Amino acid sequence: MKRILVTLFILCISESVQGQTQEAINRFQFDPDISYDNSIPTPKDYLGYDLGEEYAFHYQVMGYLKQLAELSDKITFHEYARSHEGRSVNYVVITSAANQANIDQIKKVNYELANNPENATVAEGQPIIVWMSYNVHGNEPSSSEAAMQTAYRLVAGNDSETQKWLDNSVVIIDPMINPDGRDRYVYWYKSSRAAVLNTNAEDLEHDEIWPGGRTNHYWFDLNRDWVWLVHPESQGRINVYQQWMPQVHIDFHEQGFNNNYFTMPGTTPRNHELPADYEMWADVFGRGAIEEFDKAKVNFETRERFDFFYPGYGSSYPSIMGGIGMLAEQGGHSRGGRAVETNDGYVLTLRQRIFDHYKNGVSIVKTSVENRAELLSYFKDARSQSSQKGNTKAYILPDNPNDYTYDVVNLMLKQGVAVERATEDFTIRNAYSYWDGTASSRNFMSGDFIIKTNQPAHLFINTLMRRQLEIKDSVMYDMSTWSVPLAYNLDAAWTTSNIRVNSQRIENHVVHPNGIENTNASYAYVVGWNQRNAPKALAQLWKRGYKVRASEKGFTKDGMAYSRGSLVVLLGRNQHKKDSIDDDMKAIADYANVKVAGFNTGRMDEGSDLGSPSMRPIAEPKVGLMMDSGFNSYTAGQIWFLFDKWTEFGISRIRSTSVGGIDLSSYDVIIMPGGFGLNNRFNEATRNELKNWVRNGGTLVATEGSTSWLTKDQSGITSVELFEEDDKDDKDDEDNIDPAAYTMYKDREDSSGLRRIPGSAFKAIVDNSHPLAFGMSDKLYSLKFSDNALKPDPGFSTVGYYHKDADEVLASGYSSQENKNKAAGKTFAAVQNMGRGQVVFLLDNTQYRMFWVGPARMMQNAVMIVPGF
């Protein structure tokens, strides 16, 4: 009898939930009252089920859109990239059949408006370009489903309103920016769901496993990569974006399932480089969506959350390109499943999530067409000099092929920025320094790069190149600085004067100098370690089986100085490679984009000879990167990418749950990315194993939160201490109570923002005589997200410390005076010797999103160089 009652209970729940799903399908209909072309299949016709009943895989979404393009002359289907896992990344172009027949001319006219706004005019009847992006976060999956329905409406709709939209616009739908993350999520969800639909958010099918489907193959957030173009998905998209240059763009996302739909406008801080009318247009588009939501009784929110300050979002990048960039956030996310019960007892269904995004997308097209002429004029004005703010005339990047200058130049070219190169030496009387912001007379050389602001991309240029943007609100969703010269640690300058120098515009990407000098050397080959790609060359040398040494002191030969860390391949120690060494060195120089010098003697003019004991053998290490529960997937992915893609040096990824059961002695280096709650992950026995492994010769490298965990007062693995301000003598004394304790509830969020460091650039001094900093400048901008710092001590080597002057330590971004005082003079990069091994502390992320890469050599050195010293 009990078994029968349980069965009946389950059946009742199943029928109830399935009934709710059908009710949602009935309630959230996709404009059923308009007429559609019967020759065009609906998403249900193609998929075999109603949208909202299942999640579609990448191949199904692309298959449907491709079929639409095969059946209709209103839509074309294109590929712009292949993901890291080999999936196609596609977009469709939808407009009227007449516009499709003239699409090249439409694109040409719009391109002229974008790139010659001072002379171009808005043509009568010129279509507005609307771009809609979906599923940049793979586990925010409803948007790709909505993309199919939106495409169907535009292609199959026979009503006069839809035809008007297509006559007056070109709609570009990017249906799945992150196919790898999307399929990771969908495969996981389908493998975790139960036959009986479960709306309990605590159930397995609502509890995604590490690293989740949000990120791409390398665990990067592609919604932070619109500017930096680290990944193929971003590179391909921006290549097409720069050809089309839309006036309107919206990026469809999802947020926590208890939240109502967010539509424009957002909150502060704002990018004050943008035209004043941006806020007005954001509100116009938001009200267009609200009109649809009010009709459908869809709950929504505006203005209180989501800022667009950081330029690398899909909602902010279009704005600094002159368009109206916008965000949409539907409640749901990875815990949404097919249906989930919210905190007020409402069952939020996948069907509704699709419906909400569909309604917003259609409203975006409608509002764009209704305001076509005004939006085209806004775009023209935003790209014109009349809208430029500030008095900066140009930014100058000295030609230095050994740092990241060429990376920045090539990035600017990909983003449609005109870059010139001086053909003669010149002097600027008021060249401003990024280090301290002061102006002085400075000499520049022929070959130096010049980025002038009197060009259509001035919004983008100034947003990316200014040392400091105006910040009126410290409570921000992301980071407070991204200044390119600071991120790439360049000795750049800006000027408020017009530059008078002969120059040539760069048409092609610049390439790091490479090749071999003195082929068929008889004694040694040398690779200067200060070269941008030297670590990649070292990885290639190891891969080909060479015995390599690194210079501890540096040396000079024939007027050429070689920095500490420079690689030396002695022919006498590589006799097993004597028949191939010359060809191998040529191949490595070409493949790694480095300069290799051949030597016929080991006697140097200055510094150590090539056979000196200070030329330390560096063997190829076996490296493990901890990952999974307890570790930040973003940081782990960035470190993995740094070695796997940039350096092409393979490392092993080790699950945190496996650390206590593996033979640590089989690894030479173990990397701990940003960690949290590690005392709960690693028991005392595992901590002792790690300590003993280091004492026996291992190199333990930690960054961010894991660095703090390795200190004396947390794990106790090392004697290094975090800096703590002295406690007050009398805690009960009312005068010593922190005023923050009396913060009103309504002000707590603002107060918290004022007290934290939201991704700010701190000036740092680097000891580049230490192996951890070989090949680096002695000055650095370290990107800081926490108020932690290490207490300097003679018991370990301080390799990097923040500027000692609290009034000068902040280079860009926001930090309270309290946090500047706390950081000034404290250590952020250190090495402590333990027995025969060492622990490397990298308190700040050294390769953040692979654009803040000025400090990245520290991580490469920690893994590839430090173990040999």
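Trainee: What makes helix H15 count as mostly covered?

Mentor: This is a predicted model, and in it eight of the eight residues of H15, which spans residues 458–465, are buried. His 458, Leu 459, Phe 460 and Ile 461 are among them, and so are Asn 462, Thr 463, Leu 464 and Met 465, because each falls under the 20% relative accessible area that "buried" asks for.

Trainee: Which elements do the buried residues of H15 pack against?

Mentor: Three helices with lower numbers come up, H11 (317–320), H13 (372–382) and H14, along with helix H16 (484–487). Strands S11 (394–397) and S15 (449–452) are also packing partners of those buried residues.

Trainee: Why is Met 615 called buried?

Mentor: Its relative accessible area is 0%, and the cut-off is under 20%, so Met 615 qualifies as buried. Met 615 sits in strand S26 (residues 615–617).

Trainee: Which residues is Met 615 in contact with, leaving aside neighbours within four places in sequence?

Mentor: Arg 549, Ala 550, Ser 551 and Phe 555 are in contact with Met 615, as are Val 568, Ser 608, Asp 609 and Leu 610. Contact here means heavy atoms within 4.5 Å.

Trainee: How far apart in space are Met 615 and Arg 655?

Mentor: They are 36 Å apart, C-alpha to C-alpha, with their places 40 residues apart in sequence.

Trainee: What about strand S27: how many of its residues are buried?

Mentor: Five of five, covering residues 623–627, so S27 goes down as mostly covered, each residue being under the 20% cut-off. Val 623, Leu 625 and Met 627 point one way, while Gly 624 and Met 626 point the other way, and all are buried.

Trainee: Why do the side chains of a strand alternate like that?

Mentor: In a regular strand, side chains alternate between the two faces of the sheet.

Trainee: How do you know that S27 pairs with S28 and with S29?

Mentor: Pairing takes at least two bridges. S27 and S28 (residues 652–655) have four bridges, and three bridges join S27 to S29 (residues 669–672), so both count as pairs. Both pairings are parallel. As examples of bridge partners, Met 626 has Ile 654 in S28, and Gly 624 has Ile 670 in S29.

Trainee: What do S27, H19 and S28 make?

Mentor: A right-handed β-α-β unit. It is called right-handed because, with the strands pointing away from you, the path from S27 over H19 to S28 runs clockwise.

Trainee: H19 also turns up at the largest pocket. Which helices each supply at least two residues of its lining?

Mentor: H14 (405–414), H18 (581–592) and H19 (633–647) do, and H14 gives the most, with five residues. The pocket has a volume of about 740 Å³. Of its 24 lining residues, Gln 235, Asp 407, Lys 414, Arg 532 and Trp 646 lie nearest the centre.

Trainee: What is the lining of the largest pocket like by class?

Mentor: There are 14 nonpolar, five polar and five charged residues. Asp 407, Lys 414 and Arg 532 belong to the lining and go in the charged class, because Asp, Lys and Arg count as charged.

Trainee: And how many cavities of 30 Å³ or more are there in the whole structure?

Mentor: Four. The largest holds about 130 Å³ of space, and H10 (278–296) gives the largest share of its lining, three residues.

Notes. Residues are numbered from 1 along each chain as its sequence is written. This is a predicted model: local features need pLDDT of at least 70, side-chain atom pairs count only at pLDDT 80 or more; totals for chains, interfaces and linings use all residues. Side-chain values use heavy atoms; hydrogens and water are left out. On a 1 Å grid over the protein atoms alone, a cavity is a set of points where a 1.4 Å probe fits but cannot get out, and a pocket is an open set with protein on both sides within 12 Å along at least five of seven lines; lining residues have an atom within 4 Å of a point. Grid points are joined across faces, edges and corners, and a volume is the space filled by probe spheres set on the points. Buried means under 20% relative accessible area, exposed over 50%, partly exposed in between (1.4 Å probe, protein chains only).
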